[in-house]
Amino acid sequence: MKKSLSALFILAFCIFSLPVAGQAAMTIKIGHVLNTDHSWNTCLLGLAEDVKNATEGRVLIQVYPSSQLGNEKDLIEGLTLQTVDGGLIGGGSFQSIEPKLGIEALPYAWPTHEAAYRALDGELGDRLLKLLADKGVVGLSWWENGFRHLTNSKKPIVVPADLQGMKIRVTPDKMRLDTFETLGASPMPINFGELYTALQQGVVDGQENPFAIIYSSAFYEVQKYLSLSGHIWGSALLCVNPSVWAKLSPQDQATVRELAAKWRDEQRRQTIAQEEEFLAKLKEKGMEINEVDKGAFQAAVQEVWGRYEDVFGADLLDLVRKYGH
């Protein structure tokens with residue numbers, strides 16, 4: 001009798017354990033466009049390991065770098081169609097589905113990394129996440145792409161006039177195109193995966209990206225001049241689609257959000273710590289580095305701020321000014 005009861009107990013335990021384990025088998029594929037040695041990738045791998053351990057294997061994150069799941073436009077489209085699980089995507093790229101998401105990339109909006117963090121971890125970030133939720137994107141945490149600087153193969157850029165007629169690759173969003181047209185350049189929206197070849201072949205003269213991307217993408221091989229413009233700070237949003245998110249229990253959702261914030265902070269720390277390191281490495285690789293007249297650039301881009309007031313709205317612009325000063 002005791003043996004029968006024991007056998008029944010074990011059988012019942014196994015039966016009731018199976019559905020929980022079955023529900024737990026949730027794999028989230030996260031795509032991004034940067035190389036495997038960039039902090040986006042290394043910190044996503046750290047997040048994946050932490051999530052696996054903290055959820056006891058109920059939630060597994062698989063990371064797909066280097067545009068394996070598509071470029072940022074593809075990832076965003078897939079998120080809204082729910083054919084892509086998730087991504088770590090430049091914040092400005094979401095302008096394709098919500099124009100107000102371009103506000104973080106207003107030229108010279110953020111004097112420091114910390115000012116941008118306060119904005120996106122605060123009221124501005126909350127407002128932007130609500131806008132994205134309405135478009136079918138669940139934002140988990142704001143990571144960082146960093147301050148963007150100019151490189152080219154022609155000459156040092158010191159004042160906006162030096163950009164006159166220069167072909168500069170920019171991300172394919174309207175405000176970035178308008179910004180560089182205002183500065184006198186000829187902006188070209190080339191996919192990131194094609195950028196190295198475009199620089200090598202002279203399709204474009206230059207590009208603008210943070211130090212980490214300039215180095216990890218080996219742009220120093222095809223670009224001689226690096227001008228420290230710091231003209232735009234860019235975020236990166238770790239996000240998933242709503243159907244993926246709904247499959248997680250409230251407990252696991254809370255765990256993923258907590259760990260996403262932990263690795264957000266680590267990725268930001270790495271970004272700041274690596275700036276001087278990457279700048280030194282780029283100099284070692286033979287790039288000629290120069291300061292720019294930021295006052296002249298700031299004055300030149302005021303027209304862009306005015307042009308986009310109707311797009312962003314006075315309330316969001318007031319938040320940028322609040323956090324940016």
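**Confidence, cores and two helices in a predicted model**

The structure described here is a predicted model. The chain has a mean pLDDT of 92, and 93% of its residues reach 70 or more. A first look is best directed away from residues 1–22, where the pLDDT is below 50. This stretch has 0 contacts in the model beyond near neighbours in sequence. Where pLDDT is low, the predicted coordinates should not be read in detail.

A good place to begin is the interior. The largest nonpolar core holds 49 residues, and those touching the most other members are Ile28, Leu47, Trp143 and Leu238. Helix 10, which spans residues 250–284, provides the largest share of this core, with 7 residues. Leu47 gives a view of the surroundings: once neighbours within four places in sequence are set aside, Leu47 contacts Ile61, Trp143, Leu238, Leu259, Ala260 and Trp263. Apart from this core lies another, made up of 37 residues. Among the members of this other core are Trp110, Met175, Leu319 and Tyr323.

Two helices can then be followed by their buried residues. In helix 5 (residues 123–133), these are Leu124, Gly125, Leu128 and Leu132. Viewed down the helix axis, they fall within an arc of 95°, so they line one face of helix 5. The elements covering them include helix 4 (113–120) and helix 14 (314–323), together with strand 4 (138–152) and strand 8 (225–240).

Helix 14 can be read in a similar way. Its buried residues are Leu316, Leu317, Leu319, Val320 and Tyr323. Around the axis they cover an arc of only 155°, which puts them on the same side of helix 14. Their cover includes helix 4 and helix 5, along with helix 12 (302–307) and helix 13 (309–312). Two of these buried residues, Leu319 and Tyr323, have already appeared as members of the 37-residue core.

A polar residue completes the picture. Asn209 lies in strand 7, which covers residues 206–209. Asn209 has a relative accessibility of 2% and therefore counts as buried, the cut-off being under 20%. The side chain of Asn209 makes a polar contact with the side chain of Arg148, at 3.1 Å. Not counting residues up to four places away in sequence, Asn209 touches Phe147, Arg148 and His149, as well as Arg169, Phe192, Leu195, Ile214 and Phe219.

How values were computed: Residues are numbered from 1 along each chain as its sequence is written. This is a predicted model: local features need pLDDT of at least 70, side-chain atom pairs count only at pLDDT 80 or more; totals for chains, interfaces and linings use all residues. Side-chain values use heavy atoms; hydrogens and water are left out. pLDDT is the predictor's confidence in each residue, from 0 to 100. Contact means heavy atoms within 4.5 Å. Helices (H or I, at least four residues) and strands (E, at least two) are DSSP runs, numbered from the N terminus. Buried means under 20% relative accessible area, exposed over 50%, partly exposed in between (1.4 Å probe, protein chains only). A polar contact is a pair of N or O atoms within 3.5 Å; within protein, one must be able to donate a hydrogen and the other to accept it, and residues adjacent in sequence count only if both atoms are side-chain atoms. A nonpolar core is a set of buried Ala, Val, Leu, Ile, Met, Phe, Trp, Tyr and Cys residues joined through side-chain atoms within 4.5 Å. The arc is that of the directions from the helix axis to the C-beta atoms.
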